[in-house]
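Visitor: I have just opened this one and would like a careful walk through it. Could you take me from the whole chain down to a few single residues?

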Amino acid sequence: TGEFEKRSGLPFFVLWNGSDLGDSVFDFINKFWYDSSSSVRKSLVNSIRSLGIRTNMAFDALRQLARDEKRAVRAAVALALGEYEGNQSEDLDPVLQELLEDEDSYVRLSALSGLLDNVSISAIKLLPVIISAFDDSASDVRLKIAAGLRNHPELYSISDIDVKLADLFSDPDRKVRMEVIRLVTETPELLASDIIRNRMPDILLNRFSAGHAIAEELNMARKIQLDLLPDSPPNLEGYDIEIFYRPASEVGGDYYDFFNLPGRNLGLAVADVAGKGIPAALTMAGLKGNLEAFVQSIYSISEIIQKVNESSVLGEGDPIMTGLFYGVLDLDSGKLTYVNAGHNPPLLIKREGETHWLDKGGLIMGLSTQVKYEHGTVELESGDVLILYTDGLTEAMDSSGSEFGTERLYRVVLENRDLSAHQISSGILDAVNSYSKGSPQGDDQTLVVLKYR
């Protein structure tokens with residue numbers, strides 16, 4: 001009978017001490033759910049949920065309050081019932097279903113949040129709820145779906161999911177659009193969908209955004225992509241490594257990476273996805289995810305590249321071609337074992353000036369699952385320089401349309417091979433920039449310089 005602030009603290013106390021209070025606990029609970037204050041009624045729901053009480057009395061209280069006039073109370077019930085939902089039947093609890101269709105979006109969002117956080121509910125039972133929520137009129141609900149799918153990777157392979165995600169690329173709410181982009185760029189399974197790939201260019205074509213808004217979209221996409229690339233090269237005793245990356249547009253399709261492998265081995269990867277912009281960046285993200293998974297579980301690098309290629313080949317639609325160089329460097333011996341899958345051959349210049357182009361491997365990835373790859377080996381010794389690059393550097397053009405070319409690259413490296421990796425990199429970039437001065441950058445540019453001290 002005290003102030004509502006004090007009454008609001010009673011439900012938890014009563015439920016916590018229910019076994020000591022005996023039958024009187026039922027009278028207390030009955031008073032709580034009919035209390036004049038919505039704070040008390042909401043406190044009852046939250047106490048049931050936080051204590052994980054699943055007795056008949058608790059469910060009676062929740063069902064009674066599911067039709068409460070206050071949305072905060074209904075939302076609390078929706079969250080609790082969503083988390084409590086199990087697989088005892090094929091259909092959702094009718095009361096929970098009503099809350100998912102509540103006129104207030106906050107209540108619908110709470111019911112959906114409970115279900116998405118529920119680790120017990122089956123994917124089959126959850127799927128219709130998710131499909132329906134994709135079309136919800138409230139952007140907060142659609143945003144919750146895009147974010148919540150991360151916890152349910154078992155749904156990625158269901159065809160309806162990629163269709164609905166593709167629809168959200170043109171969602172009127174910017175937060176929803178960018179959350180979907182984040183989800184897709186982090187998920188190789190979703191990147192394999194033709195529907196998603198075909199719809200991504202809508203962002204670039206400005207079909208739902210204009211002016212500064214499209215710049216914001218692309219800047220955010222660029223940030224997502226840069227988060228996937230190493231900020232700095234590994235710091236290794238005996239080796240000097242320098243990296244450079246510059247996309248041609250806000251987002252690009254070049255990729256570089258390093259992998260710490262067992263037995264003091266270092267994985268090195270550089271790739272170039274056909275095209276540029278968001279579609280190329282998405283393919284790059286999928287490549288990174290697949291390569292990371294395979295390099296840790298498969299020893300043979302030929303098999304690694306074969307697996308990555310199989311994951312890159314789409315079922316239908318135009319192939320997304322990707323050139324990839326992947327090598328494993330034994331840091332103690334200097335032995336580099338590599339596979340070149342249709343990528344620009346890296347340049348190895350020995351201290352004495354001898355040159356090797358690392359071209360052994362096989363066909364560019366994305367065309368066929370039947371491609372077999374062979375590996376090559378080279379020995380790095382003190383003073384040797386290894387240059388990994390993409391064709392944005394060698395195909396940089398002057399004002400007359402002539403390319404910088406591999407011959408100029410070779411000469412610059414040869415002249416600077418006694419310098420540090422940073423100085424060699426700067427020399428290459430200065431030469432490219434000087435050559436193409438006045439001409440726009442036509443393709444993404446990536447450079448990795450490794451020098452064996």
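Guide: Let us begin with burial across the whole chain: of the 453 residues in the protein, 52% are buried. Please keep in mind throughout that this is a predicted model.

Visitor: Predicted, okay. What is the average pLDDT of the protein?

Guide: The average pLDDT is 87, and 90% of the residues score at least 70. Over residues 202-212, however, the pLDDT is below 50, and in the model this stretch has 20 contacts beyond near neighbours in sequence. Where pLDDT is low, the predicted coordinates should not be read in detail.

Visitor: Noted. How many helices and strands does the protein have?

Guide: The protein has 22 helices, alongside eleven strands.

Visitor: And why is it called more spread out than a compact globule?

Guide: The globule rule gives 22 Å for 453 residues, whereas the radius of gyration of the protein is 29 Å, which is well over that value, so the protein is more spread out than a compact globule. Taken along the principal axes, the box that the C-alpha atoms fill is roughly 95 × 50 × 45 Å.

Visitor: What about contacts, how many join residues at least 24 apart?

Guide: Among the contacts between residues at least 6 apart in sequence, 69% join residues that are at least 24 apart.

Visitor: Switching to the surface, how much area does the protein expose?

Guide: About 20900 Å² is exposed, and carbon and sulfur atoms supply 48% of that area.

Visitor: And the charges, how many positive and negative side chains are there?

Guide: There are 43 positive and 69 negative side chains, and the centres of these two sets lie 4 Å apart.

Visitor: Time for single residues. Where is Ala 72, and what does Ala 72 contact?

Guide: Ala 72 is part of helix 7, which covers residues 71-84, and, leaving aside neighbours within four places in sequence, Ala 72 is in contact with Lys 42 and Tyr 106. The C-alpha atoms of Ala 72 and Ser 110 are separated by 9.8 Å, although the two residues are 38 residues apart along the chain. Ala 72 counts as partly exposed because its relative accessibility is 31%, a value between the limits of 20% and 50%.

Visitor: Now Ile 124, is that one buried or exposed?

Guide: Ile 124 is exposed, because its relative accessible area is 75% and the limit for that class is over 50%. Ile 124 lies in helix 10, residues 123-134, and its C-alpha atom is 9.8 Å from that of Asn 87, a residue 37 residues apart from it along the chain.

Visitor: And Arg 142, buried or exposed?

Guide: Arg 142 is buried, since its relative accessible area is 8% and buried means under 20%. This residue belongs to helix 11 (residues 139-148), and, not counting residues up to four places away in sequence, Arg 142 touches several others, among them Phe 134, Leu 168, Asp 171 and Val 176. By contrast, the C-alpha atoms of Arg 142 and Ile 241, which are 99 residues apart along the chain, are separated by 44 Å.

Visitor: There is also Arg 199. Which residues is Arg 199 in contact with?

Guide: Setting aside its neighbours within four places in sequence, Arg 199 is in contact with Ala 166, Asp 167, Phe 169 and Ser 170. Arg 199 is in helix 15, residues 194-199, and is partly exposed, with a relative accessible area of 24%. The C-alpha atoms of Arg 199 and Ser 38, 161 residues apart along the chain, are separated by 46 Å.

Visitor: What about the phi of Arg 264?

Guide: Arg 264 has a positive phi of about 50°, although it is not a glycine. Arg 264 sits in the loop between strand 2 (254-261) and strand 3 (265-273), and at 42% relative accessibility it counts as partly exposed.

Visitor: Last one: where is Asp 391, and which residues does Asp 391 touch?

Guide: Asp 391 is in helix 20, residues 391-394, and, not counting residues up to four places away in sequence, Asp 391 touches Asp 272, Asn 344, Ala 396 and Asp 443. Asp 391 counts as buried because its relative accessibility is 14%, which is under the limit of 20%.

Conventions. Residues numbered from 1 in each chain as written. Predicted model: local features only at pLDDT ≥ 70, side-chain atom pairs only at ≥ 80, totals over all residues. Heavy atoms only, no water. Helix = DSSP H or I, 4+ residues; strand = E, 2+ residues; numbered from the N terminus. Buried < 20%, exposed > 50% of the residue type's maximum accessible area, 1.4 Å probe, protein only. pLDDT = per-residue confidence, 0-100. Contact = heavy atoms within 4.5 Å. Rg over C-alpha atoms; globule rule 2.2 N^0.38 Å. Areas by Shrake-Rupley, 256 points an atom, 1.4 Å probe, with all protein chains shown as cover. Lys, Arg positive; Asp, Glu negative; His and termini not counted. Charge placed at Lys NZ, Arg CZ, Asp CG, Glu CD.
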